[in-house]
Amino acid sequence: MERSQWYIGTPNGVVMCVDSRLEHQLQGRLYHAYSREGKRFGTMEQLLSRLEQFYNWMNFPYPGTVDRTFTGGGKERTRNIHSSERTKIMKDEELLSRHGELGTFVIRVQHRQNSSWQGRITWMDQDKTVCFRSVWELIKLVDGALDMVCGEEDGPDEVSWTER
């Protein structure tokens, strides 16, 4: 299989390894270049929360909106220009060698605007890359790919793995 789409390409690129899915709840691991240990997730919400925490830690991509607080105890977000504490531990090749039992995806979030994410996702098993315009589209793309792998059809999807 040609692997033309297998690349990380950004400091915040992650590899998502999906090992199982029960009633559309994903279980698997999330890898990035700054840790050898995979972050386990057991639900889609946990996956999205771990990704958001990672992007906040990276300060990249910088969010277009911040959480609002009315208690005065909120932390003010500042750009962290010096990234000396963020040293890559894994090379891209090692990251790309991680695979899930049901599917493997490379997620590259390029923007966090309009309280959502925009970027590209690569389905490594099919060597296909598409852009997503929101977290919802990202979820639908992953769910649609896993439907194909598991032989399930829920009806026509609003988003697909074909070029737009």
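# Pocket, helix and hairpin

User: Which residues line the second largest pocket nearest its centre?

Analyst: The lining has twelve residues, and Glu 52, Pro 63, Thr 65, Asp 67 and Ser 115 are the ones nearest the centre. Do keep in mind that this is a predicted model. The volume of this pocket is about 230 Å³.

User: What makes up the lining of that pocket by residue class?

Analyst: Its lining splits into three nonpolar, five polar and four charged residues. Glu 52 and Asp 67 are among the residues nearest the centre, and they go into the charged class because Asp and Glu count as charged.

User: Why is Ser 115 called exposed?

Analyst: Its relative accessible area is 64%, and exposed means over 50%, so the label fits. Ser 115 sits in the loop between E4 and E5, and its phi is positive, near 55°.

User: What makes Asn 114 exposed, and what is notable about its phi?

Analyst: Asn 114 has 69% relative accessibility, and the cut-off for exposed is over 50%, so it passes. Its phi is about 55°, positive although the residue is not a glycine. Most residues other than glycine have a negative phi. Asn 114 lies in the loop between strand E4 (103–111) and E5.

User: How do you know that the length of helix H1 agrees with what is expected?

Analyst: H1 covers residues 44–58, which is 15 residues, and at 1.5 Å a residue it should span 21 Å. Its end C-alpha atoms are 21 Å apart, so the two values agree.

User: Which residues of H1 are buried, and what puts them on one side?

Analyst: Met 44, Leu 47, Leu 48, Leu 51, Phe 54, Tyr 55 and Met 58 are buried. They cover an arc of only 125° around the axis, so they lie on the same side of H1. In general, an α-helix has 3.6 residues a turn, so residues three or four places apart point the same way.

User: Why do E5 and E6 count as paired strands?

Analyst: Strand E5 (residues 118–123) and strand E6 (residues 128–132) share five bridges in the antiparallel sense; pairing needs at least two, so they qualify. Lys 128 in E6 is the bridge partner of Trp 123. The hairpin has four residues between the strands, and Asp 127 there takes a positive phi near 50°.

User: What makes the bond between Phe 60 and Pro 61 stand out?

Analyst: It is a cis peptide bond, with omega about -10°, whereas most peptide bonds are trans. Pro 61 is placed in the loop between H1 and helix H2 (92–96).

Methods:
Residues are numbered from 1 along each chain as its sequence is written. This is a predicted model: local features need pLDDT of at least 70, side-chain atom pairs count only at pLDDT 80 or more; totals for chains, interfaces and linings use all residues. Side-chain values use heavy atoms; hydrogens and water are left out. On a 1 Å grid over the protein atoms alone, a cavity is a set of points where a 1.4 Å probe fits but cannot get out, and a pocket is an open set with protein on both sides within 12 Å along at least five of seven lines; lining residues have an atom within 4 Å of a point. Grid points are joined across faces, edges and corners, and a volume is the space filled by probe spheres set on the points. Helices (H or I, at least four residues) and strands (E, at least two) are DSSP runs, numbered from the N terminus. The expected span of a helix is 1.5 Å times one less than its number of residues. Buried means under 20% relative accessible area, exposed over 50%, partly exposed in between (1.4 Å probe, protein chains only). The arc is that of the directions from the helix axis to the C-beta atoms.
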